[in-house]
Amino acid sequence: MQADYAIIGGGVVGLSLGWGLIRRGHKVIVIDGDDGSFRASRGNFGLVWVQSKGIGAPHYARWSQRSAGLWAEFAVELGAGSNTDLRLEQRGGYDFHLDEESLAAKVAQYDALRHELGGDYPFEVLGNNALRREEPEVGPKVAGAILHHQDGHVNPLKLLRALAADFVGLGGQILSAEHVEDVTKPDGFRLICRSGHVVEAGKVVLSAGLGAMALGPKLGFKAPVRPQRGQVLITEKLPKMMNRPSGIIRQVDEGGIQIGDSKEEVGLDDSTTLHTTAAIAARAVAVMPGLAQAQLVRSWGALRVMSPDGLPIYQKSTTMPGAALVTCHSGITLAAAHARLLPAWLEGAENAPDLEKFGEQRFS
Amino acid sequence: MEQVDLGVIGAGPAGMAAATIAATAGLSVVVLDEQPAMGGQIYRAVASGGAARTDILGKDYLEGAGLAQDLQASTARHLTEAVVWDIAPQEGGVAITYSHKGIPARIEAKRLLLATGALERPVPLPGWTLPGVMTAGAGQILLKASGMVAPRAVLAGSGPLLYLLAVQMARAGSPPLALIETQSLRDQLAAAPRLAGGIRGWRILIKGLGLLAELRRHGIRRITGARDLEVIGTGRAEGLRFSAQGRAQEIACDTVLLHQGVVPNTQASRALGLAHDWHAGQRAFVPRTDGWGESSHPGIFIAGDGAGIAGAKAAAVAGQLAGLQIACQLGALDRAARDAKAQPARKTLDAERSIRPFLEAAYPVAAQILCPADKTLVCRCEEVTAGDVRHWAGLGCKGPNQTKAFGRVGMGPCQGRYCGLTVTEILSHSHNLPHSQIGAYRIRMPLKPVTLGELSTVNAPEDAEEGHPK
Amino acid sequence: MLVPVTFEGAEMMLPEGANLAAALLAAGVGAFRTTPVSGAARGPYCMMGACFECLIEISGATRQACMMQVQAGLVIAKPKGRANGAG
């Protein structure tokens, strides 16, 4: 056996798990795709985000809150191991609204969720004046914002690199440019790659994002995930002009203003379109008029990994014991929970988190 | 929205020739170019101030004047200072979005010709980011467009452009302090058997010898076989350090003009997702085109150095071929007329291309450029070193899009133009995999940075809220 | 004809209509900006709009000096993008 665990998928989800497992003394191999694979981990927005998650599903809100709460310590430990400052900031984040109606509707949803969570949902509503005292670049067209104090952001590319560096530094192995085509389980697992490479492992975690659509059934999962495209813009590096991130605009630690996020159901197409990037730009300029002068340097499209209800799926295989499916569209927010809490769940340890409600039975 | 038969991007030799021949055949043609005057970089300012400097620039430069006059006399419309930043294939052609003095506009074209020419190959050596270090091409542009000679300059690198530039600077009264060349006599001897170009090949060679003789007449010092080049200086270039004939040497100067040949500018062809192949001789990716210049995407053509380096004369005739085929596809020319007109162009193109294998072998890219030292910056914009890229290769990055995600290499405003090839070379070397397997950056729109204000206005007001974020 | 422009507050006379990057170089300006990453000085490199090294700021917007012409009254500043970690 080459490894205790083989993880299929070397994005932030797979590497967070791999890092957590190797820190608990397991031998781990991560099998990663190639340069052209769909990679949510290099196209995401970088939010460590609580608000808006789990409306109508308080267990998901709690899971997000739990991960956000673990993030600071996780960032310190991973940062020390990889000699990387992940640039984590958790000083709250905004949900901007251009009209009063949408703001009021969102506040009503948050009030209900706060009630379901027993009051642990610290947000406040800022009108235009109060918001502009916090964020002077916000323009007059913004009706207001919800400031949620558990929100924050991180540099997601530094996170990806740090996870890979520390995982390898701790003795983990990353096989890249491999594509798992088939899985058998004569005794342990045998993962057969397109290159002919075979990886043998005692347990398998499928965290291949959209790759789970094809591989999931081979391991006994429904894996009902679909792509949802988001387009993102980033400007030239600018002097500091925002104090906190919002769900659609944030200033990254290098200085660029990052703007998103559209939601398009277009299948496996991660291209950008002029129409949508222009709409994103128009909204950004409406929120922060000073951005009209900023140079757009890059745009990109990336595919979210969406389950039917938008929540993560954590499922152990019944037909192939030892295989687990881990997939979500919030791999950054949940990275800390995945690194800290999921290894115990994979091991079947006593103190493992109860993830029953995130299982696939909810789709039957 | 304005609609035309043919949209040409770039008003260099390929674009000018293609537009002229297509317009003459009866097509409606628009040429979009970033510069204030036509000519491209090779014939920059040829129809404005440059022609007055023919005694300095030489008579080859004047060939561009004829192309420019033909274009001006045709019905093709030439849009100056038009920065194209989005090209979207659509039903029946493409939509081109550009900005002119900060105002965006769009044109729909049934056919597209990319005539975006060449870029200087990146020259990652220590100190190449210091003010005062420029490309040899930049040195020529200063001469052509501004009549300005870079002061106290050393020319360094490999390729015949260095001889031409040195001679032009000397004729203008400010010869370079020295010519430090990285190719060796052994490279040139090894290249000699490739001189299969017959009479035309020899003609180019003789022209080169003429330049060398003129260099000697001007007393310009030449050192070949130089290695370990390094620009030294604090805050600006103050000298060039190198080793040659087994000893370290240093020349004090204010300007260093670097050159390691030119490579196709594939920014637009990559952004459009066209097929590219690695060209071992040119050590660059080249878009795949047929004998008329049509790319892997029907209706999108590429002509000139952007389709593979072959020089200005080749570019002009390749432009003609593309223009003829486009006119034929759109019914303005029958096949017989197309083929008759294409025959002389094809002959010239073959002859011009035949000299390339010799030049590629005689002026190879310096080893220190292909495999830069760990501390050398490869991505100028994000200040990423060769060592960084190698380290990420060791963490499993097998391609340039992964190293980009790991450390921002290629994410800056130049959008990877001056690091892409270097990163491909480093990864190819690190993994011992062919360049074609390593691949290149995935380029996205905008092709050039554009303000959010400009971008925000391109949708019609009624649908601006569609695709609404959130 | 020479026309007045300012670069980082210093007035200089440049030839109207000339390429702005070339004119600044000729006037002795070598470093057009400092990088937002390390603060290193940079000046024109390619002179053809491709390398984005000659960036300057005019009326609050970042522009490529090599893609502009000299006009009377231009107020030119170094772009204000911050060095990493400074903000």
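This section describes the overall build of chain B and the nonpolar cores of the predicted model.

The secondary structure of chain B consists of 17 helices and 22 strands. With a radius of gyration of 22 Å, close to the 23 Å given by the globule rule for 470 residues, chain B is as compact as a globular protein of that length. The C-alpha trace of chain B extends over about 65 × 55 × 40 Å along its principal axes. Of the 470 residues in this chain, 61% are buried. Among contacts in chain B with a separation of 6 or more, 66% are between residues 24 or more positions apart.

The surface of chain B was also examined. Chain B exposes about 17,400 Å², of which 53% is supplied by carbon and sulfur atoms. The chain carries 47 positive and 40 negative charges, and the mean positions of these two sets are 7 Å apart.

Turning to the interior, the largest nonpolar core comprises 246 residues, and the residues with the most contacts inside it are Trp71(A), Ile87(B) and Leu20(C). The greatest contribution to this core comes from helix α9 of chain B, spanning residues 312-329, which provides 12 residues. When neighbours within four places in sequence are set aside, the contacts of Ile87(B) are Ile9(B), Val94(B), Ala95(B), Leu112(B), Leu114(B), Ala268(B), Leu272(B), Met445(B) and Leu447(B). A second core, separate from the largest, contains 32 residues, including Tyr94(A), Ile249(A), Ile259(A) and Leu455(B).

Conventions: Residues numbered from 1 in each chain as written. Chains lettered and ligands numbered in written order. Predicted model: local features only at pLDDT ≥ 70, side-chain atom pairs only at ≥ 80, totals over all residues. Heavy atoms only, no water. Core = buried A, V, L, I, M, F, W, Y, C linked by side-chain atoms within 4.5 Å. Buried < 20%, exposed > 50% of the residue type's maximum accessible area, 1.4 Å probe, protein only. Helix = DSSP H or I, 4+ residues; strand = E, 2+ residues; numbered from the N terminus. Contact = heavy atoms within 4.5 Å. Rg over C-alpha atoms; globule rule 2.2 N^0.38 Å. Areas by Shrake-Rupley, 256 points an atom, 1.4 Å probe, with all protein chains shown as cover. Lys, Arg positive; Asp, Glu negative; His and termini not counted. Charge placed at Lys NZ, Arg CZ, Asp CG, Glu CD.
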